[in-house]
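Hi,

Here is the structure I said I would pass on. Have a look at it first, and my notes on what turned up follow below.

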Amino acid sequence: MARFALFGDTSRRIAEADSVAVIGLGRFGSALALELMAAGTEVLGIDMDDDLVQAHNGELTQVVRADSTKEEVLRQLAVDEFDRVVVAIGADVQASILTSSILLGMKIPVIWAKAVTEQHGRILEQLGVHHVVYPEKDMGRRVAHLVRGAAMDYLEIERGYALARIASPASILGVPLGRTTIRREHGITVTAFRAGQGVWQNADNETVLSEGDQILIVGPTDRVEAFAQLR
Ligand code: ATP
């Protein structure tokens, strides 16, 4: 176990900065870790697959090959000193649960974990994992909305409430938004707009939209869906 001692010193330094430990560097964990790095957050990446560790060498602040189901290994890597840890292990549900349970025992303040099924997610939630995400399910639902309708981008913020990027329908062009009946009639709010190829700006009551403008709308999912179908 002494082989982790050197890594531990570096991890301890990483843990002191704006940092996150990501356990599991599959497609999800890897994309997440790289995005964190791009945003300026230090990342300790852990995976037991040697090829994946090699592949991420130099791309993350530190990458270590280790089995996260072993508490002493996580402690030697100073994972217990991190404020935020992501468990990005999916297929091996047992490893995901075991790792999450060890992290909860270490009293990590914020733990995120990926779930592959409802049951997996329920167990993680019952254990006390702070944030459980379902990447496949969420992306599948999101794409369904894109496939169905006219939305160019779609995000369900929580079940029943969504945000969508759509082309402005003809019925709201040429009049200040405050003088339209969008909220009353359609139950949605236009929060931002982009004129032509310009930059996105916040919308207000005085905003007047023209043909070709894009808008960001928020509201109950069914109302957003219905509004996105308007031409
Ligand atoms: P993705 O879709 O993100 O590729 P997946 O569900 O196919 O995810 P998994 O194989 O379940 O991915 O796990 C993601 C990564 O977690 C893998 O690279 C795997 O090596 C790693 N992993 C699994 N168990 C452990 C463990 N006990 N310790 C460290 N890493 C682990």
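Helix α9 (residues 221-228) gives the largest share of the lining of the largest cavity, with three residues. Bear in mind that this is a predicted model. The full lining is made up of H145, G149, A150, A151, Y154, A164, V224, E225, A228 and Q229. By type, that lining splits into six nonpolar residues, three polar and one charged. The volume of the largest cavity is about 50 Å³, and the count of cavities of 30 Å³ or more comes to one.

Now for the ligand, which is probably what you'll want to look at in detail. You'll find the ligand in the second largest pocket. There are 20 residues around the ligand, and those that come nearest are R27, F28, D47, D67 and A91. Sorted by type, the shell has nine nonpolar residues, five polar and six charged.

A few polar contacts are worth pulling up in your viewer. D47 places a polar side-chain atom 2.6 Å from an oxygen atom of the ligand. With F28 the backbone is involved: one of its N or O atoms lies 2.7 Å from a ligand oxygen. G90 also comes in through its backbone, with a polar atom 2.9 Å from an oxygen atom of the ligand. As for how much of the ligand is covered, on its own the ligand has 630 Å² of accessible area, and the protein covers 83% of that.

That's what I have so far. Shout if anything looks odd on your side.

Cheers

How values were computed. Residues are numbered from 1 along each chain as its sequence is written. This is a predicted model: local features need pLDDT of at least 70, side-chain atom pairs count only at pLDDT 80 or more; totals for chains, interfaces and linings use all residues. Side-chain values use heavy atoms; hydrogens and water are left out. A residue is near a molecule or strand if one of its heavy atoms lies within 4 Å of it. A polar contact is a pair of N or O atoms within 3.5 Å; within protein, one must be able to donate a hydrogen and the other to accept it, and residues adjacent in sequence count only if both atoms are side-chain atoms. Accessible areas come from the Shrake-Rupley method with a 1.4 Å probe; for residues, only the protein chains shown count as cover. On a 1 Å grid over the protein atoms alone, a cavity is a set of points where a 1.4 Å probe fits but cannot get out, and a pocket is an open set with protein on both sides within 12 Å along at least five of seven lines; lining residues have an atom within 4 Å of a point. A molecule sits in a cavity or pocket if more than half of its atoms lie within 2 Å of its grid points. Ala, Val, Leu, Ile, Met, Phe, Trp, Tyr, Cys and Pro count as nonpolar, Asp, Glu, Lys and Arg as charged, and the others, Gly among them, as polar. Grid points are joined across faces, edges and corners, and a volume is the space filled by probe spheres set on the points. Helices (H or I, at least four residues) and strands (E, at least two) are DSSP runs, numbered from the N terminus.
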